[in-house]
Structures are given as structure tokens and as C-alpha cells.
Amino acid sequence: MTSKLPFPKPSTVPQTSLMPILSLFIDDYTNKAVSPTDHLIAKINWQSDYWQDAPTDDDVLHSGHGYVKAGNLPHEPWNFNMHKHTVDGYKIGFFQATNPPAKYPNGSGIAFFESRDHIVGLYGKAELGNFKVDGDFTGNLWAPIDFCVCWSNANISSLPVDKERYYMDKERVGQIGFTYIGDDQARNIITDAMSANEDSPEVVEQLREVAAVVWPSPLPTGKHYFVETKFHTSI
């Protein structure tokens with residue numbers, strides 16, 4: 001098994017981090033925000049065990065993916081099993097796409113996963129490609145394990161898709177298997193995920209760390225800048 005990485009492994013998370021923002025209003029600011037980074041929402045087959053091992057018969061029966069309904073096993077059943085398909089601190093995962101996401105900026109954005117109209121987790125600082133591991137598995141994305149986040153098992157359905165906040169001008173993830181979103185939409189998902197998982201401190205902390213490495217620059221400041229956070233922290 002080859003363990004050499006094609007790019008440097010990320011160092012420790014920066015000390016400045018985006019806190020769990022539950023309400024954010026910015027108006028008439030003087031500093032322009034950095035150019036938005038493209039992110040992805042990728043559709044995956046529903047799996048009751050939270051993508052740890054294998055879909056149940058019922059998962060397959062009610063799958064919205066023709067490939068799976070035809071009797072084929074999906075390739076993403078281990079997407080959130082952090083002990084399987086890993087190499088040198090990176091997690092290798094998969095999502096089905098008819099064409100590769102050519103516009104996605106490798107290594108700088110977030111790949112969110114959607115299933116049955118719910119956002120179920122994410123890979124932060126994800127890179128797309130062909131990654132072979134454990135002899136017989138080839139995934140099409142990987143990310144540092146520390147930035148691969150799934151909700152707690154009790155909250156697997158806690159984040160239903162909000163089309164206006166998450167999908168830009170799209171109604172849903174199309175048959176191509178993924179959709180591009182911008183920084184605003186990615187921040188909305190992170191913010192809502194923090195709120196939905198407020199009873200899971202580890203999940204909230206992981207989300208904070210992902211936000212810190214994806215958006216390391218400070219937020220813009222100006223005449224009217226108001227931030228309200230449930231955790232009573234300052235940014």
C-alpha cells in the first residue's frame with residue numbers, strides 16, 4: 001500500500017477559529033470578503049448504520065439510486081467509518097458522479113454529503129481523485145480524518161435540506177450526483193449543523209475546526225456588524 005501523499009499534510013488547526021454562529025448579520029462593511037471558495041454537496045445512498053459497514057435490505061429497497069436498486073452494492077458504505085480505508089491520517093470515501101466535479105478546488109473546500117433530503121456529514125479540505133487503499137477499494141475523494149465530520153447517531157436526520165440556504169439556485173442535487181455551492185451556502189450548513197448537534201460537543205468542535213481551516217481569514221468589519229452566538233463567545 002502506497003502511503004506517500006501528493007501534497008503536504010495539514011499542520012495543527014489555527015488558533016483563530018470560527019465559533020458556532022447561530023445568527024450573523026453583516027451590513028455596510030468596508031473590508032471586502034475574500035473570493036468565495038466552491039464547495040460540493042454530493043448525493044449518497046441512505047444507510048441506516050450511518051455508513052459504517054453495509055446498507056440493510058430495507059435501505060436497498062427504498063434506495064433512490066437505480067444502481068443500488070438493480071442489486072449492486074453502493075461504493076460509499078464506509079464513508080463515515082474512520083477505521084476503514086484510511087492512510088496516513090486521511091480518510092478515503094466515495095460518491096457516485098456521472099462526471100468529475102471539474103470546478104472544485106482540490107484541497108481547499110468542503111464536500112458535504114446529502115441523503116434522503118438531509119445533510120448527513122462532510123469532508124473538510126477534501127481532495128478529489130482516484131485513491132486506492134486496502135488492495136481492493138478505490139475512492140474518489142479523501143480528506144484529513146480530523147476534518148471528516150458526521151453527526152451523532154441520534155442526530156442522523158437532524159439536518160434536513162434547506163433549499164434556499166443550501167442550494168443556491170438549485171432545487172436539488174441532480175442526476176449528475178453533486179452540485180456546487182458557494183461560501184455563503186457552506187457557512188449556512190456549518191452553522192445549522194452546529195445548532196442541530198449542540199448536544200454533541202465533539203461534533204460542534206470538529207465543525208469549528210473545519211470552519212477555521214477553510215476560512216482562516218477574519219470576518220469583515222464595518223459600521224454595522226452584529227454577531228450573536230448561542231455559546232456567548234466572541235469572534
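Mentor: Let's start with a term: a salt bridge is a side-chain nitrogen of Lys or Arg within 4 Å of a carboxyl oxygen of Asp or Glu. Keep in mind that we're looking at a predicted model.

Trainee: Okay. How many salt bridges does the structure hold?

Mentor: The general idea is that side chains of opposite charge can pair when their charged atoms come close. Here, the structure holds three salt bridges. In one of them, the side chains of Glu114 and Lys43 meet, at 3.1 Å from N to O. Glu114 lies in strand 5 and Lys43 in strand 2, so this pair ties together parts that are 71 residues apart in sequence.

Trainee: Are Glu114 and Lys43 buried or exposed?

Mentor: Use the cut-offs: buried means under 20% relative accessible area, and exposed means over 50%, with partly exposed in between. Glu114 has 1% relative accessibility, so Glu114 counts as buried. Lys43 has 26%, so Lys43 counts as partly exposed.

Trainee: And which side chain does Asp192 meet in a salt bridge?

Mentor: That's Arg165, with 2.9 Å from N to O. Asp192 lies in helix 4 and Arg165 in helix 3 (residues 163-166), so this pair ties together parts that are 27 residues apart in sequence. Arg165 counts as partly exposed, because its relative accessibility is 30%.

Trainee: What about Glu205: which residue does Glu205 form a salt bridge with?

Mentor: Begin with the helix rule: an α-helix has 3.6 residues a turn, so residues three or four places apart point the same way. Now the case: Glu205 forms a salt bridge with Arg208, and their closest N and O atoms are 2.2 Å apart. Both residues lie in helix 5, three residues apart, which is about one turn of the helix. Glu205 is partly exposed, with a relative accessible area of 34%, whereas Arg208, at 18% relative accessibility, counts as buried.

Trainee: While we're on helix 5, how far apart are its end C-alpha atoms?

Mentor: Work out what to expect, then compare. Helix 5 covers residues 201-214, and at 1.5 Å a residue its 14 residues should span 20 Å. The end C-alpha atoms are 20 Å apart, so the model agrees with that expectation.

Trainee: What do the buried residues of helix 5 pack against?

Mentor: The buried residues of helix 5 include Val203, Val204, Leu207, Val210 and Val214. On the other side of the packing are strand 2 (39-43), strand 5 (109-115), strand 6 (118-133), strand 8 (148-150) and helix 4 (183-196).

Trainee: Strand 6 is on that list. How many of its residues are buried?

Mentor: Strand 6 is mostly covered, with 12 of its 16 residues buried. As for strands in general, in a regular strand the side chains alternate between the two faces of the sheet.

Trainee: Which strands does strand 6 pair with?

Mentor: Take strand 5: it pairs with strand 6 in the antiparallel sense over seven bridges, and Phe112 has Leu122 in strand 6 as its bridge partner. These two strands form a hairpin with two residues between them, and Arg116 in the turn has a positive phi of about 50 degrees.

Strand 7 (residues 137-144) also runs antiparallel to strand 6, joined by five bridges. There, Glu127 has Trp142 as its bridge partner. This hairpin has three residues between its strands, and Asp134 in the turn has a positive phi of about 55 degrees.

Finally, three bridges join strand 6 to strand 8, again antiparallel. In strand 8, Cys148 is the bridge partner of Tyr123.

Key. Residues numbered from 1 in each chain as written. Predicted model: local features only at pLDDT ≥ 70, side-chain atom pairs only at ≥ 80, totals over all residues. Heavy atoms only, no water. Helix = DSSP H or I, 4+ residues; strand = E, 2+ residues; numbered from the N terminus. Expected span 1.5 Å × (residues − 1). Buried < 20%, exposed > 50% of the residue type's maximum accessible area, 1.4 Å probe, protein only. Contact = heavy atoms within 4.5 Å. Pairing = 2+ DSSP bridges.
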